[in-house]
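Good morning, colleagues. Please take a moment to look at the sequence and the structure before I begin.

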Amino acid sequence: MAWLKSFKIVRPNTDTLFFDTPDNVKTYIKETYEDTGKCISFGTVFSEDNLTLTKSRVFNTKDDREAWEADSTIQSNRTALKSYCSSNNHTITGLDDKDI
C-alpha cells in the first residue's frame, strides 16, 4: 500500500521566504525516488494568506518511505530545512505519516 507523509511550515510574514531545496537535492530526489517509482506524487499547497505551506509526498510503499527517511542526502536537506526555519521564525508541524 502507498504511504503518505506531509507537513506544514508557517512563516511569520510574507517578506520571509520559505526554504528552497537546493537544485542538486531536487535532482537527486527526482532520479532516486520519482523516476524509480518509489515516490509516486509530491504536492505543495499555499494558504490564502501565503503564510502556510503544506507539502505532501506519497511513496509507493512503506519500505520506500523508510528508505527516504534513512537516506543521508534527505537527512542533510532536512537538517538544513530545520536550521533555516529556526533562524527565520518558521514553525514546522508534521501532519500525516500513514498508510493510505
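Reading from the N terminus, the elements of the chain follow the order β-α-β-β-α-α-β. In total there are three helices and four strands. I should state at once that this is a predicted model.

As to overall dimensions, the C-alpha trace of the chain spans about 35 × 25 × 20 Å along its principal axes. The radius of gyration is 14 Å, which agrees with the value near 13 Å that a compact globule of 100 residues would have.

I turn next to the packing of two helices. Helix α2, residues 62-70, packs with α3 at an angle of about 60°, and their axes are 5 Å apart. The two helices are therefore oblique to each other. On the α2 side, the contact is made by W68, E69 and A70, while α3 contributes S72, I74, Q75 and R78. By character, the residues of this contact divide into three nonpolar, two polar and two charged.

My last topic is the largest pocket, whose volume is about 690 Å³. Which residues lie nearest the centre of this pocket? They are F7, F42, K55, W68 and N77, out of a lining of 28 residues. W68, then, appears both in this central group and in the contact of α2 with α3.

Several elements take part in the lining. At least two residues each come from β1 (3-10), α1 (23-34), β3 (52-59), α3 (72-87) and β4 (91-99). Which element gives the most to the lining? That is β4, with six residues. As for chemical character, the lining of the largest pocket comprises 12 nonpolar, six polar and 10 charged residues.

Thank you for your attention.

Terms used. Residues are numbered from 1 along each chain as its sequence is written. This is a predicted model: local features need pLDDT of at least 70, side-chain atom pairs count only at pLDDT 80 or more; totals for chains, interfaces and linings use all residues. Side-chain values use heavy atoms; hydrogens and water are left out. On a 1 Å grid over the protein atoms alone, a cavity is a set of points where a 1.4 Å probe fits but cannot get out, and a pocket is an open set with protein on both sides within 12 Å along at least five of seven lines; lining residues have an atom within 4 Å of a point. Grid points are joined across faces, edges and corners, and a volume is the space filled by probe spheres set on the points. Ala, Val, Leu, Ile, Met, Phe, Trp, Tyr, Cys and Pro count as nonpolar, Asp, Glu, Lys and Arg as charged, and the others, Gly among them, as polar. Axes are lines fitted to C-alpha atoms, for helices over the stretch in contact, and angles run from 0 to 180 degrees between N-to-C directions. Angles under 35 degrees count as roughly parallel, over 145 as roughly antiparallel, 65 to 115 as roughly perpendicular and the rest as oblique. Contact means heavy atoms within 4.5 Å. The radius of gyration is taken over C-alpha atoms; the globule rule is 2.2 Å times the number of residues to the power 0.38.
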